[in-house]
Amino acid sequence: MKADMEELYRSMARIRFCEEALANLWQRGIISGEMHLGVGEEAVAAGVVAHLEDGDALALDHRSTPPLVARGVDLVPLFLEMIGDERGLCRGWGGHMHLFSREHLACSSGIVGSSAPLGAGFALAAQYLAPGKVAVSFFGEGAANQGMLLESLNLAVAWRLPQVFVCKDNRWAITTRSRSVTGGDLLRRARSFGMPACRVDGTRVEAVWEAAGKAVRRARAGRSPSFLLASCPRREGHFLGDPLLRVYREPLKQTLEIGPPLVRSLLSRPLQAFALRPLYMGIIGKTLTVLGIEKFLLEPDPLCRAARLVPDDVRRRIDQEAREEVERAVSAAMERGKRHA
Ligand SMILES: Cc1ncc(C[n+]2csc(CCOP(=O)(O)OP(=O)(O)O)c2C)c(N)n1
Ligand SMILES: [Mg+2]
C-alpha cells in the first residue's frame, strides 16, 4: 500500500495550525504557564497515528497535542483544556501536559519517560481484553535514559506486548545535548532487549508512515513490540519563550537584558571560582552556537517537505480548510470560555 500524501499532509497542516494557535493564545496571556509545542514533530505524529484504529491506545509526553490532533480529538475541548476551562478535555485540570481522552484511549504526562510504562499498561490490557489492538508510546530521546523506559522495553519484549515505542530525537533535553548524557546508541540499545528497531527521518512523513506501518502491523499480529527512532527538529526551543532562542530572535534586546548580569556574575565576589568562570561562559557560548546552527541552518521543516509531495492546488485547499477549522475551534473555545466566566 502507498502513503496517501494528501491525507498525511492534511493531518500535518491541522497539527501545525493548532500549534500556531496555541502559541498565539500563550503570547496573548490566555494560556498561562509553560507551553511545550510539537512544531517540527508533525511528520512523526501524522505518519504514526495514521495507522491507528478504534480501540488502539496512545501514551504521550509533554508535547502531546500533535498526536491528539492527528487522532481526531475534538479541537474545542482541547483548546478549552489549555485555557483551564472546566468544559475542557480534562475539566481544565490537566493543562497542556496532562491530557486524557477516554474516547481515544489517549493520555499524556509531563513525567519524562512515563509514556513507556503507560503504553505498556494499555498494551497489556489489549493483550487480554482486545487482541489485535495496539498501544503506541511517544517520547523524546532524553526520556530514553529514564529507568522506567528501559524497564518497559524489557517487559514489552518479555511479555510480547503489542506496543510501538516512538522516540522523537530532537537531540536536546531542555539545554542538555542528549548525546553528552547518553551511552552507546539508542537503536542498538533497543535491539539489545530483543525487539526490532529502525531509524527514520522524522521530517519525511512518507518515510515515517512506511516504518510505522511495519511496526504497527507487527504489534497487531502479536509478533513483537518495536522501536522507532525518528529524528526531528525542535523548531520552537524547549518551550515557548525559550531564552536561548530569544537571543537569535531579538538579539539587541536580549544582549541588553542578559549581557549586564552575565558580566556582573563574571566579576562578582567571592573570587575563588574565578578561573572556572570563563569556562562556564564558554559552555553558554557553545550551547548558543550549536543551537543557532541547528535552528537556522540545518533544520528542515517537515510541513514544507510534505507540501512538495502534494499538487499545489490541493495543498492550498487543504491549508485553507485546516486553517478555517482551527480558527473556528479557537473562536468557539474562546466564546464558550467567555460565556462561562
Ligand atoms: C522525570 C522527569 N525528570 C525531569 C523532568 C524535567 N524535564 C521536562 S522536559 C525535559 C526534557 C525531556 O527531553 P526529551 O525527552 O528529549 O523531550 P523534548 O523536550 O526534547 O521533546 C526534562 C528533563 C520531568 N518533567 N520529568
Ligand atoms: Mg529531546
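Helices here are DSSP runs of H or I with at least four residues, strands are E runs of at least two, and both are numbered from the N terminus. Arg14 lies in helix α1.

This is a predicted model, in which local features need pLDDT of at least 70, side-chain atom pairs count only at pLDDT 80 or more, and totals for chains, interfaces and linings use all residues. Residues are numbered from 1 along each chain as its sequence is written, chains are lettered from A and ligands numbered from 1 in the order in which they are written, and side-chain values use heavy atoms, with hydrogens and water left out.

## Helix α1 and its partners

Start with Arg14. Its relative accessibility is 15%, so Arg14 counts as buried. Buried means under 20% relative accessible area, exposed means over 50%, and partly exposed lies in between (1.4 Å probe, protein chains only). What does Arg14 touch, leaving aside its neighbours within four places in sequence? Its contacts are Val69, Leu75, Ala322, Glu325 and Val326. Contact means heavy atoms within 4.5 Å. Pro300 is 286 residues from Arg14 in sequence, and their C-alpha atoms are 19 Å apart in space.

Three helix pairs come next. Axes are lines fitted to C-alpha atoms, for helices over the stretch in contact, and angles run from 0 to 180 degrees between N-to-C directions. Angles under 35 degrees count as roughly parallel, over 145 as roughly antiparallel, 65 to 115 as roughly perpendicular and the rest as oblique. A crossing is left-handed if the near helix is turned anticlockwise from the far one by less than a right angle, and right-handed if clockwise.

Helix α1 covers residues 5-27, and helix α4 covers residues 75-82. They pack at about 30 degrees, with axes 11 Å apart. The two are therefore roughly parallel to each other. The crossing of α1 past α4 is right-handed. On the α1 side, the contact uses Arg14, Cys18, Ala21, Leu22 and Leu25. On the α4 side, it uses Leu75, Phe79 and Met82.

The axes of α1 and α2 come within 9 Å and cross at roughly 130 degrees. That makes α1 oblique to α2. This crossing is right-handed too. From α1, the contact residues are Leu8, Ser11, Met12, Ile15 and Arg16. From α2, they are Glu42, Ala43, Ala45, Ala46 and Gly47.

How many residues of helix α2 (residues 42-49) are buried? Eight of its eight residues are buried, and the helix is mostly covered. Among them are Val44, Val48 and Val49.

## Helices α10 and α11

Helix α10 spans residues 251-267, and helix α11 spans residues 277-298. Their axes come within 9 Å and cross at roughly 150 degrees. That makes α10 roughly antiparallel to α11. The crossing is right-handed. Leu262, Ser265, Leu266 and Leu267 of α10 meet Arg277, Pro278, Met281 and Ile284 of α11.

## Four residues compared

Is each residue buried or exposed? The table gives the values.

| Residue | Place | Relative accessibility | State |
|---|---|---|---|
| Met82 | helix α4 | 6% | buried |
| Asp319 | helix α13 (residues 312-340) | 15% | buried |
| Leu105 | loop between β2 and β3 (106-108) | 31% | partly exposed |
| Arg91 | loop between α4 and β2 (100-101) | 62% | exposed |

Not counting residues up to four places away in sequence, Met82 touches Leu22, Ile31, Met35, Thr65, Gly95, His96 and Leu99. Met82 and Asn24 are 58 residues apart along the chain, and their C-alpha atoms are separated by 12 Å. Asp319 is in contact with Tyr9, Ala13 and Phe17, leaving aside its neighbours within four places in sequence.

The two loop residues have positive phi values. Arg91 has phi near 60 degrees, although it is not glycine. Leu105, also not a glycine, has a phi of about 45 degrees.

## The magnesium site

Which protein atoms are donors of the magnesium ion (ligand 2)? They are Glu141 (OE), Glu141 (OE), Asn170 (OD1) and Trp172 (O), lying 2.1 to 2.5 Å from the ion. Donors are N, O and S atoms within 2.8 Å of the metal (3.2 Å for Na, K and Ca); water is not among the atoms, so sites may look incomplete. In sequence, the donor residues are spaced E-x28-N-x1-W. Both Asn170 and Trp172 are buried.

The six donor atoms make angles of 52 to 173 degrees, and the site is irregular. Four donors count as tetrahedral if all angles lie between 85 and 135 degrees; four count as square planar and six as octahedral if opposite donors are over 155 degrees apart and all others between 65 and 115; anything else is irregular.
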